[in-house]
Amino acid sequence: MTRDTPQDTSLGRATLYARATMQERARLFAARGEQAGIQDGPRRAAVILDIDGQGYAIDVPHVLRVTDPAWCAMPMRPDCPAGVRGVYGYGGNLYTVFDLSVLLGGAPMRAAGAMVLLRPASGLSVARFALLAGATTGVADIADASAGPSTPHPLAVLPDGRVVAALDPARLFAARHFGV
């Protein structure tokens with residue numbers, strides 16, 4: 001009968017942990033592309049945002065910068081929508097700061113954890129704008145997913161299999177007139 005020494009016990013735990021980690025990674029990798037509704041089209045990089053546990057994606061080419069939330073509150077025009085929180089100066093330009101939760105039809109966020117400055121989009125009434133989110137969870141490769149007729153935004157699948165709304169700034173702001 002052999003006795004386990006403390007060193008053998010810790011080696012065993014490390015081995016078990018490594019195996020469990022590798023099994024989980026293999027499961028996530030195998031789940032890529034197997035989700036229902038995923039098209040075989042290419043994947044693209046997107047910044048993943050979180051608002052109260054709900055994920056959203058914005059394609060990386062739309063994003064200029066991700067930063068801590070910092071903006072200047074200012075007097076608003078009477079016709080200014082509730083989603084406008086203020087302005088932010090960056091690179092000699094003013095960005096109108098929007099609460100993404102309000103833009104998506106939700107309640108205003110109590111505390112934003114991240115701010116995403118977006119590149120100017122042609123044809124919109126606001127040249128430069130930023131979105132407040134609860135958090136950013138990183139950059140991931142997303143794939144298009146089929147969407148039902150009642151979805152306001154196209155859907156995308158993350159590598160871990162979660163389905164999120166893929167936000168397009170032009171589509172998000174096209175039907176609205178914003179500005180401060």
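Trainee: What share of the contacts with a separation of 6 or more joins residues 24 or more positions apart?

Mentor: In this predicted model, residues 24 or more positions apart account for 57% of those contacts. A contact here requires heavy atoms within 4.5 Å.

Trainee: Which pattern do the helices and strands follow along the sequence?

Mentor: The order is α-β-β-β-β-β-α-β-β-β-β-β-α, from 3 helices and 10 strands.

Trainee: What makes strand E5 largely enclosed?

Mentor: Buried means under 20% relative accessible area. In E5, residues 93–99, 5 of the 7 residues count as buried, so the rest of the structure largely encloses this strand. For the whole protein, 34% of the 180 residues are buried.

Trainee: How do you know that E4 and E5 pair, and in which sense do they run?

Mentor: Pairing needs at least two bridges. Strand E4, residues 84–90, is joined to E5 by 6 bridges, therefore the criterion is met, and the two run antiparallel. One of the partners is Phe98 in E5, bridged to Val84. The hairpin of E4 and E5 has 2 residues between the strands, and Gly91 takes a positive phi near 60° there.

Trainee: What makes E5 and E7 a pair?

Mentor: E7 covers residues 129–133, and 4 bridges link it to E5 in the parallel sense. At least two bridges are needed, so E5 and E7 count as paired. Asp99 has Leu132 in E7 as its bridge partner.

Trainee: Why is His153 called buried?

Mentor: Its relative accessibility is 12%, and the cut-off is under 20%, so His153 counts as buried. His153 sits in the loop between strand E8 (135–145) and strand E9 (155–157).

Trainee: Which residues is His153 in contact with, leaving aside neighbours within four places in sequence?

Mentor: They are Leu104, Ala165, Ala166, Leu167, Arg171 and Leu172.

Trainee: Which residues have the most contacts inside the largest nonpolar core?

Mentor: Leu49, Leu100, Leu131 and Phe173 do, in a core of 30 residues. E7 gives the most to this core, with 5 residues. Another core lies apart from it, with 9 residues, among them Ala46, Ile48, Ala140 and Ala166.

Trainee: What does Leu100 touch, not counting residues up to four places away in sequence?

Mentor: Leu100 touches Leu49, Ile51, Met109, Leu131, Leu132, Leu167 and Leu172.

Trainee: How much of the accessible surface belongs to carbon and sulfur atoms?

Mentor: Those atoms hold 54% of an accessible surface of about 10700 Å².

Key
Residues numbered from 1 in each chain as written. Predicted model: local features only at pLDDT ≥ 70, side-chain atom pairs only at ≥ 80, totals over all residues. Heavy atoms only, no water. Helix = DSSP H or I, 4+ residues; strand = E, 2+ residues; numbered from the N terminus. Buried < 20%, exposed > 50% of the residue type's maximum accessible area, 1.4 Å probe, protein only. Areas by Shrake-Rupley, 256 points an atom, 1.4 Å probe, with all protein chains shown as cover. Core = buried A, V, L, I, M, F, W, Y, C linked by side-chain atoms within 4.5 Å.
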